[in-house]
Amino acid sequence: MAEIKLRAIGLREVNFSEHDRYLTALTEDGRKIEILCKQARSKKNRAYAARLFCWSEFILRERSGKYTLREVSLLHSFFALTEDIEKYALACYLADLTNALSVEEEENTALCRLLLGALYRLETGEREPCLIKAAFEWRSMSESGYAPALTRCGLCGRSLNQTPIYFSVYAGQAADAKCAERLGGWDKLENATLYALAHTLTKEPDKIYSFSLTGLAQKQFCSLAEQYVQYHLERTFDTLQFYHTVITPNIQ
Ligand SMILES: [Zn+2]
């Protein structure tokens, strides 16, 4: 049985039998793994760092792609997020979305950096939660095979170098005014929305949250991001519905 050392963040916990727990975690290189944490629920539990929202260093035993916890040490806990219901609800949704986008034994390095960056900014309060949410949604989708096409008109193929630019959540593409207005049903992007989108999709994963957006453009950026996730993944999330029940009115 091989022994491996890796860093990962807990995305989901499922209790198993009377004493054990399974932790679904995202590794530093963006793979999803399931770790059996034996005796994790007993009073003598020493696996306190193998938990949801804990970024930890694990020593695992591996056999045929199955992992069992041997040792774990905490690098950073985002547990403080649980003290604020809005931040906690959003963190749960981000973990759920990450779980849906990540694949076992398939690397997606940006995904881990995106999630850690989002949780860190949520914790420090240096960005509005709705902007962190939307930036994470756009970029995590983009890094997972659902990148929106913004450089050329999705209808005629010409380069998009003149505003206004339109966008279709369903097509996952942008279009010029002439084509979009002829066809109908496309959203005309605010200039600030377009810049925020370009920033979010092209900057280093750690830097995508460094922008501000207000008013109509913020509303558009956030609303399109959420629609984009749900349409392309063909599902919604219970944690997203919960987030909507706890957010402060008028923020989004
Ligand atoms: Zn066109």
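**Exercise 1. Which residues are the protein donors of the zinc ion?**

First, some ground rules: this is a predicted model, where local features need pLDDT of at least 70 and side-chain atom pairs pLDDT 80 or more, while totals for chains, interfaces and linings use all residues. Residues are numbered from 1 along each chain as its sequence is written, and side-chain values use heavy atoms, without hydrogens and water.

*Solution.*
- Step 1: Look for donors, meaning N, O and S atoms within 2.8 Å of the metal (3.2 Å for Na, K and Ca); water is not among the atoms, so sites may look incomplete.
- Step 2: Cys 153 (SG), Cys 156 (SG), Asp 176 (OD) and Cys 179 (SG) lie 2.2 to 2.4 Å from the zinc ion.
- Step 3: Along the sequence, their spacing reads C-x2-C-x19-D-x2-C.
- Step 4: The 4 donor atoms subtend angles of 96 to 123°, so the arrangement is tetrahedral (four donors, all angles between 85 and 135 degrees).

**Exercise 2. Find the buried side of helix 7, and what packs there.**

*Solution.*
- Step 1: Take helix 7, residues 238-246; helices are DSSP runs (H or I, at least four residues), numbered from the N terminus.
- Step 2: Pick out the buried residues (under 20% relative accessible area, with exposed over 50% and partly exposed in between; 1.4 Å probe, protein chains only): Thr 239, Leu 240 and Tyr 243.
- Step 3: These cover an arc of only 100° around the axis (taken from the directions from the helix axis to the C-beta atoms), which puts them on the same side of helix 7.
- Step 4: On the face turned away from that side, you will find the exposed Asp 238 and Thr 245.
- Step 5: The buried residues pack against helix 1 (85-101), helix 3 (129-143) and helix 6 (215-233), with contact meaning heavy atoms within 4.5 Å.

Notes: Helices (H or I, at least four residues) and strands (E, at least two) are DSSP runs, numbered from the N terminus. Four donors count as tetrahedral if all angles lie between 85 and 135 degrees; four count as square planar and six as octahedral if opposite donors are over 155 degrees apart and all others between 65 and 115; anything else is irregular.
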